[in-house]
Amino acid sequence: MTLTLLFFFQNWTGFIATVFYGVDIFMEVSPKMDPYYATIILGLVQVFGCSVSIFLIKLVNRKLLLLISLGLCFLTMTLLAIFVHLQW
């Protein structure tokens, strides 16, 4: 049941769409910044986060890491949505 919920929330939170449409999103959000570099930075942040989580998973409870990750994803997606909405 837990894995099913994780799979559901991972696929329906919008993160995958953010990765696939990163260039288009960054073009709308900040026309001054090169959207290709911003997408590369997004990928590097994802690799960094996964690398750190490999070491943290042995030190911290997995549920705590999951909740922290969920909270940070919620916060950043909400800030992105507010920023895009305010630019219109």
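A residue counts as buried under 20% relative accessible area, as exposed over 50%, and as partly exposed in between. That scale is used at several stops below. The model is predicted.

**Whole chain.** Select everything first. The chain holds five helices and zero strands, in the order α-α-α-α-α along the sequence. Its C-alpha trace spans about 40 × 25 × 20 Å along the principal axes. Colour by accessibility next: of the 88 residues in the chain, 7% are buried. If you draw a contact map, keep the pairs with a separation of 6 or more; residues 24 or more positions apart account for 52% of those contacts.

**Residues 2-12.** This selection is helix α1. How many of its 11 residues are buried? The count is zero, and α1 is hardly covered. Move on to glycine 14, just after α1, and check the backbone: its phi is positive, about 100°.

**Residues 15-20.** Helix α2 occupies this stretch, and phenylalanine 20 belongs to it. Is phenylalanine 20 buried or exposed? Its relative accessibility is 67%, so phenylalanine 20 counts as exposed. Draw a distance from its C-alpha to that of leucine 42: the two residues are 22 apart in sequence and 11 Å apart in space. Leucine 42 comes up again at the next stop, as one of the α4 residues that meet α3.

**Residues 22-29 with 35-59.** These are helix α3 and helix α4. Their axes come within 8 Å and cross at roughly 120°. The angle is outside the 65 to 115 degrees of a roughly perpendicular pair and not over 145, so α3 and α4 are oblique to each other. α3 passes α4 in a right-handed crossing. To show the contact as sticks, select Gly22, Val23, Phe26 and Met27 in α3, then Pro35, Tyr36, Ala38, Thr39 and Leu42 in α4. By class, this contact has seven nonpolar, two polar and no charged residues.

**Residues 22-29 with 62-87.** Keep α3 and add helix α5, residues 62-87. The two pack at an angle of about 50°, and their axes are 10 Å apart. How are α3 and α5 oriented to each other? They are oblique. On the α3 side, the contact is made by Ile25, Glu28 and Val29; on the α5 side, by Leu80, Phe83, Val84 and Gln87. The class count for this contact is five nonpolar, one polar and one charged residues.

**Leucine 65.** Stay on α5, where leucine 65 lies. Its relative accessibility is 18%, and leucine 65 therefore counts as buried. Show what surrounds it: leaving aside neighbours within four places in sequence, leucine 65 is in contact with Leu56, Ile57 and Val60. Then draw the C-alpha distance from leucine 65 to serine 53, which gives 8.0 Å for two residues 12 apart along the chain.

**The cysteines.** Finish with cysteine 50 and cysteine 73. A disulfide needs two cysteine sulfur atoms within 2.5 Å. How many disulfides are there by this rule? The count is zero. For cysteine 50, the nearest cysteine sulfur is that of cysteine 73, 10 Å away, and cysteine 50 is in no disulfide. Going the other way, cysteine 73 has the sulfur of cysteine 50 as its nearest, 10 Å away, and is in no disulfide either. Now return to the accessibility colouring. At 43% relative accessibility, cysteine 50 counts as partly exposed. Cysteine 73, at 39%, counts as partly exposed, because the class runs between the 20% and 50% cut-offs.

Technical notes
Residues numbered from 1 in each chain as written. Predicted model: local features only at pLDDT ≥ 70, side-chain atom pairs only at ≥ 80, totals over all residues. Heavy atoms only, no water. Axes fitted to C-alpha atoms, helices over the stretch in contact; angles between N-to-C directions. Helix = DSSP H or I, 4+ residues; strand = E, 2+ residues; numbered from the N terminus. Parallel < 35°, antiparallel > 145°, perpendicular 65-115°, else oblique. Contact = heavy atoms within 4.5 Å. Nonpolar A, V, L, I, M, F, W, Y, C, P; charged D, E, K, R; others polar. Buried < 20%, exposed > 50% of the residue type's maximum accessible area, 1.4 Å probe, protein only. Left-handed = near helix turned anticlockwise from the far one by under 90°.
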